[in-house]
Amino acid sequence: MNQLLRMLLLVVILGFALMYGASALNSSEGFSGANTLTIYNWGDYIDPDLISEFEKESGIKVIYQTFDSNEAMMTKIEQGGTTFDISVPSEYAISKMKEENLLLPIDKSKLPNLKYINPRFMNLSFDPNNEYSIPYFWGTVGIVYNSEMLGGRTFKSWNDLWDPSLRNQILLVDGAREVIGFGLNSLHYSLNDTNEDHLQEAKAKLNKLTPNVKAIVGDEIKMLLANEEAAVGVVWSGDASEIMDANDKLDYVVPEEGSNLWFDNMVIPKTAKNVEGAHKFINFMLDPKHAAQNAEYVGYATPNAKALEYLPEDISGDKRFYPAPELTSKLEVYKNLGKKMLAHYNELFLEFKMHRK
C-alpha cells in the first residue's frame, strides 16, 4: 500500500512539473496571457526602445517574434500552434486573413490616438472602415541607383532597367509580387493583372532582363547597394531610405509607369490571448511622438499626420518618401488575387529565377 501511495504521489508531482513546463514553453513560444503580449512583426521593424517604454508604462511583458514574408506569417497564424496578440501584415494579406476568419475586429473606442492618422490612409479597399486593421507604415516600390557609378545617368521609367549598359549591375528584391509587378508595369499593365497573355508577356520581358541582374536577394540588398557592390536596386522605399542614409551617392525614384503603394497595418489575430493588451499597444504606437520615433528609427513613412510635426524636416519634407497625393493616386495597392493566382505568380517568379541560371 505504501509503495502504491508513493507511486501515486510521484505521478501527481510529475503532472504538476509537466504543467509548469508546458506553461513556460507556451510563454516563450508566444502563448500570451494578461501580463504578456506576443507581437509578430517583420524583422527590424520597430524601435526596441519603444518596446521597453511600453513594458515600463503598461507593466506588460512583450514577447517579440519576427517573420520574413506575409505568406510565412499567415501560415503560422493559420496553423494556430503559436498564439500571437498582434501582427503586422501587408494590405493583401489582411484581405486574405479576413476571408479566412483569422482576425478579430478592432475596438476603436480603446484607441483614442487613432484620431492622429491621416484620413487618406483610412477606409481603404482592403479593410473598409478599418474594422480589422490600423495603419502602421506605408510606402512605395521603386528604383534606387548610384548615379556616380553610372556616369551620371538617372532613371524615370521601369524600362530604363533593360539598358544593355547596366549588365550585371541590378539587384532585385526577392518578392514575386514586386518583380512580376514591375514587369507588368513596364508594359503598362496593372500589377494586379490576371490575364494569362499579359503575365506571359511580362515574364518573357523579365527573362530579357537577366543579363543585367546581378542577384535576387533579401535584406542583404541594403548592405550590397550601400557598399556599391551594384549600382541599381529595385527595393521598397523604406529600404531605399536606409541605403541612402548609409551612402549619400544614391537616389530613389518611383517610375513614371506606376508602381505599388503598400501598407502594413497592425491587426489582432483571432487566437490572441491578450486582446486588451493588444489595444493598449496599438494605441501606444499611435501616439504621435512614439510614431515619429519609430519612423525615424525604421526609415519608413508614417501614416500619423501629427507625428510629422516631430520628425526632422529633411525626413517629413522628402517627397521621395512622403510623395504627394497626386503621385500616390496613380499607384496601385496589391489586391488579394486568391490562392490559385498567387501560386501562379510565385511559379512565374521561380521560372524567372531559374532562367537566370
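User: In the second largest cavity, how do the residues of the lining divide into nonpolar, polar and charged?
Analyst: There are five nonpolar, four polar and two charged residues in that lining. This is a predicted model, and the cavity's volume is about 40 Å³.

User: Which residues line the second largest cavity?
Analyst: The lining consists of Val141, Trp158, Arg177, Glu178, Gly181, Phe182, Asn185, Leu191, Ser259, Asn260 and Tyr334. Arg177 and Glu178 are the two charged ones.

User: Which helix gives the most to that lining?
Analyst: Helix α5, residues 176–186, with five residues.

User: How many cavities of 30 Å³ or more does the search of the whole structure find?
Analyst: Three. The largest has a volume of about 90 Å³.

User: What lines the largest one?
Analyst: Ile117, Pro135, Tyr136, Phe137, Met266, Met285, Leu286, Ala291, Asn294, Thr302, Pro303 and Asn304.

User: And how many of those are charged?
Analyst: None: the lining divides into nine nonpolar and three polar residues, with no charged ones. The polar residues are Asn294, Thr302 and Asn304.

User: Which elements each supply at least two residues there?
Analyst: Strand β5 (134–146) and helices α9 (275–286) and α10 (288–298). The largest share, three residues, comes from β5.

User: Switching to the sheet with β1 in it. What is the strand order?
Analyst: The order is β2-β1-β3, in an open sheet of three strands with parallel pairing.

User: Why is one side of β2 and of β3 left without a neighbour in the sheet?
Analyst: Both β2 (61–67) and β3 (86–87) stand at the edges, and each has a single partner strand, so one side of each lacks a neighbour in the sheet.

User: Over how many bridges do β1 and β2 pair?
Analyst: Seven, in the parallel sense, with β1 covering residues 36–42.

User: Which residue in β2 does Leu37 stand opposite?
Analyst: Val62.

User: What about helices on this sheet, which strands does α2 lie across?
Analyst: Helix α2 (residues 48–58) lies across β1 and β2. Its direction is at about 150° to β2.

User: And α3, which strands does that one lie across?
Analyst: Helix α3, residues 70–79, lies across β1, β2 and β3. The angle given for α3 is to β1, at about 150°.

Conventions
Residues are numbered from 1 along each chain as its sequence is written. This is a predicted model: local features need pLDDT of at least 70, side-chain atom pairs count only at pLDDT 80 or more; totals for chains, interfaces and linings use all residues. Side-chain values use heavy atoms; hydrogens and water are left out. On a 1 Å grid over the protein atoms alone, a cavity is a set of points where a 1.4 Å probe fits but cannot get out, and a pocket is an open set with protein on both sides within 12 Å along at least five of seven lines; lining residues have an atom within 4 Å of a point. Grid points are joined across faces, edges and corners, and a volume is the space filled by probe spheres set on the points. Helices (H or I, at least four residues) and strands (E, at least two) are DSSP runs, numbered from the N terminus. Two strands pair if DSSP finds at least two bridges between them. Contact means heavy atoms within 4.5 Å. Axes are lines fitted to C-alpha atoms, for helices over the stretch in contact, and angles run from 0 to 180 degrees between N-to-C directions.
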